[in-house]
Amino acid sequence: MSGSSNIVAMKKIVQQLRLEASLNRVKVSQAAADLQQFCLQNAQQDPLLTGMSSSNNPFRPQKVCSFL
């Protein structure tokens, strides 16, 4: 029983390795350059860099309405 389960486990490992070997890879230098270009292109819309107006901020403290 353990011999057949060992063969099944090895077949799964071989199948996974074949899948990983067939993936297209991108060089780290190219990925970093693409990421930098993306960040520079979208910097104007990034609220962490440009800030957010208080009227558009969904996380602003809610105004409390109280009646006297």
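This passage describes the overall form of a predicted protein model and then turns to its helices and to some individual residues.

The model is predicted, and local features are therefore reported only at pLDDT of at least 70 and side-chain atom pairs only at pLDDT 80 or more, while totals for chains, interfaces and linings use all residues. Residues are numbered from 1 along each chain as its sequence is written, and side-chain values use heavy atoms, with hydrogens and water left out.

The mean pLDDT of the protein, where pLDDT is the predictor's confidence in each residue on a scale from 0 to 100, is 87, and 96% of the residues reach 70 or more. Confidence is highest in helix H2 (residues 28-41), at a mean of 96, and lowest in helix H3 (residues 47-50), at 82. Where pLDDT is low, predicted coordinates should not be read in detail.

The secondary structure consists of 3 helices and 0 strands, assigned as DSSP runs numbered from the N terminus (helices being H or I of at least four residues, strands E of at least two), and the order of elements from the N terminus is α-α-α. The C-alpha trace spans about 80 × 40 × 10 Å along its principal axes. The radius of gyration, taken over C-alpha atoms, is 26 Å, whereas a compact globule of 68 residues would have a value near 11 Å, according to a rule of 2.2 Å times the number of residues to the power 0.38. The accessible surface, computed by the Shrake-Rupley method with a 1.4 Å probe and, for residues, with only the protein chains shown counting as cover, comes to about 7000 Å², of which 61% belongs to carbon and sulfur atoms. Of the 68 residues, 0% count as buried, a class defined by a relative accessible area under 20%, with exposed meaning over 50% and partly exposed in between (1.4 Å probe, protein chains only).

Helix H1 comprises residues 2-22 and includes leucine 17, which is exposed at a relative accessible area of 51%. Glutamine 16 also lies in helix H1, but with a relative accessible area of 39% glutamine 16 is partly exposed. Leu17 joins Met10 and Ile13 in a nonpolar surface patch of about 300 Å². Such patches are made of residues with over 30% relative accessible area and no salt bridge, like charges being joined within 9 Å and nonpolar side chains (Val, Leu, Ile, Met, Phe, Trp, Tyr) within 5 Å; a salt bridge is a side-chain nitrogen of Lys or Arg within 4 Å of a carboxyl oxygen of Asp or Glu.

Helix H2 has 14 residues and reaches 20 Å from its first C-alpha to its last, close to the expected 20 Å, which is calculated as 1.5 Å times one less than the number of residues. H2 is hardly covered, with a count of 0 buried residues. In the loop between H2 and H3 lies aspartate 46, which is partly exposed at 27% relative accessibility, and leucine 49 in helix H3 is exposed at 62%.

Separations between C-alpha atoms relate these regions to helix H1. Glutamine 16 and glutamine 45, 29 residues apart in sequence, are 40 Å apart in space. Isoleucine 13 is separated by 43 Å from aspartate 46, 33 residues away along the chain, and by 45 Å from leucine 49, 36 residues away.
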